[in-house]
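Please work through the following exercises with the sequence and the model side by side, and try each task before reading its solution.

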Amino acid sequence: MDLSVKNRIEYETVSLNEAEGAVEILDQTLLPGKVRMVRLRTAREIWEAIYQLRVRGAPAIGVAAAFGIYILARGIDTEDCRIFYEEFRKQKDYLNSARPTAVNLSWALDRMDAVYKKNTGCSVSEIKEKLRQEAVSIKEEDIRVCRKIGEYGLGLLKPGDGILTHCNAGYLAACRYGTATAPIYLGQERGYGFRVFADETRPLLQGARLTAYELSAAGVDVTLICDNMSATVMKKGWVNAVFVGCDRVAANGDTANKIGTSVVAAVAARYGIPFYVCAPTATIDMSMPSGESIPVEQRPAEEVTEMWYKERMAPEGIKVFNPAFDVTDNELVTGIITEYGIAEPPFRESLEEIFRIKKGL
C-alpha cells in the first residue's frame, strides 16, 4: 500500500502484524520518493526483503529476522515437537543465508533458536507463544539500546558541534533513534543545534536517500555531501567528530561497516578528528579475532553500472568489484560506543570489560 509522503518518519521500520500473520516493513529501496509498507508472509519474501535491502541496518535486520522466524514457526502445522524443530531449523538456516556480514541476523535467529532449546518440555503451541514474546523483546531491547548509545555519544559532544556520518545508521536502520544518529536525535531534543554532514554513500546512496531524508524530516541541520568531499569539510574545520554505525565488530576492535567507512576513518585520523563507532553489543562478535575474519558480502555489478541511471553509465562487459562493506582498522577508531559504555584502545581488553559489565560481573 502507498502512503502519504507527509510525516513519513512516523512509520515504523519493522513491526509485527499479528492479525495478518506478517512482518511489516517500510520498504527502504523506494525512499525518499515513495513510502510503502510491505507485508512479508513467506520465507522467500522475508529472505528477499533482507537481501534486497528493503529492510537494512544491522539492528533492523535482527528484528525483522526475529519476527520473520516467528511468523514462519507459527505456520508450521504439527504438534510433534521434533518435526516442528526440524522445520524451524530449515527456515532459520535459510533466513540466515540472506546476508553474511551483519552479525545481528544470526544473533537474532540464534536467540529464537535458544527459545526452543530452553522449552523442550512445552507443547508446540506454548513454544510458538514464547517465540512471539522473544521476538517482541528483541525489538523493545533495540529501542532501549539505541537510546543508551545516544546518551553515551551525546556526552562526547558539545552544543553546535559539526558531525559527519556515513551511510545510514539512523532511525531507518533500527526501530527508533538509530545508533550513530542517536546522539544527534537526543541533541536535537535538547537544543544542541548540531550541524550534520551526511556522506551520500555510493553505490546504494543510503546517506542521500535515507540519512539526509530522516534527519531533515526531524528538523536537524543536515548537509548532504558526496563521499569524496569528506576531506574537504574536515580540512575546513567544519567537523568535530565522526559517528558511524557498524555491521560487525571483531574482538580486536576492527569494524565492518558500509563500504567507504574506512576511508572516512583514515581522513579523520589525518585531521585529528575523533572517529566513533556506535555498536550495540549484539553487533560485537568476540569469536572473530580480527577484521580479517569478517566475511564481506559481494553485491551485484548492476548496483554500480546502472542501478541509479536512466542509461547504463559504464561500458558493457566491464569488470566490477562491489563489496558491500570494508573493515576499518582498530588503530583508526577512537572509541566504540555501546549500551554499556564506551570501549577505548586497547579494544580487546575494553570490549571484554564491556561484556563483563553486561553480565553484571
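**Exercise 1: the open sheet**

Seven strands (E runs of at least two residues in DSSP, numbered from the N terminus) form an open sheet of mixed pairing, in the order β7-β6-β5-β8-β11-β14-β15. This is a predicted model, in which local features need pLDDT of at least 70 and side-chain atom pairs count only at pLDDT 80 or more, while totals for chains, interfaces and linings use all residues. Residues are numbered from 1 along each chain as its sequence is written, and side-chain values use heavy atoms, with hydrogens and water left out.

Task: find which strands are the edge strands.

Solution: β7 (221–225) and β15 (341–343) each pair on one side only, where pairing requires that DSSP finds at least two bridges between two strands.

**Exercise 2: strand β5**

Task: determine how many bridges join β5 to β6, and which way the side chains of β5 point.

Solution: Begin with the pairing, in which four bridges join β5 to the parallel strand β6 (residues 195–199), with G162 opposite R195. Then follow β5 (residues 162–165): G162 and L164 point one way, I163 and T165 the other, and all are buried, that is, under 20% relative accessible area with a 1.4 Å probe and protein chains only. In a regular strand, side chains alternate between the two faces of the sheet.

**Exercise 3: strands β11 and β14**

Task: locate the residue of β14 that stands opposite Y276.

Solution: Strands β11 (residues 275–278) and β14 (residues 335–338) run parallel and are joined by three bridges; within this pair, Y276 stands opposite G335.

Terms used. Buried < 20%, exposed > 50% of the residue type's maximum accessible area, 1.4 Å probe, protein only.
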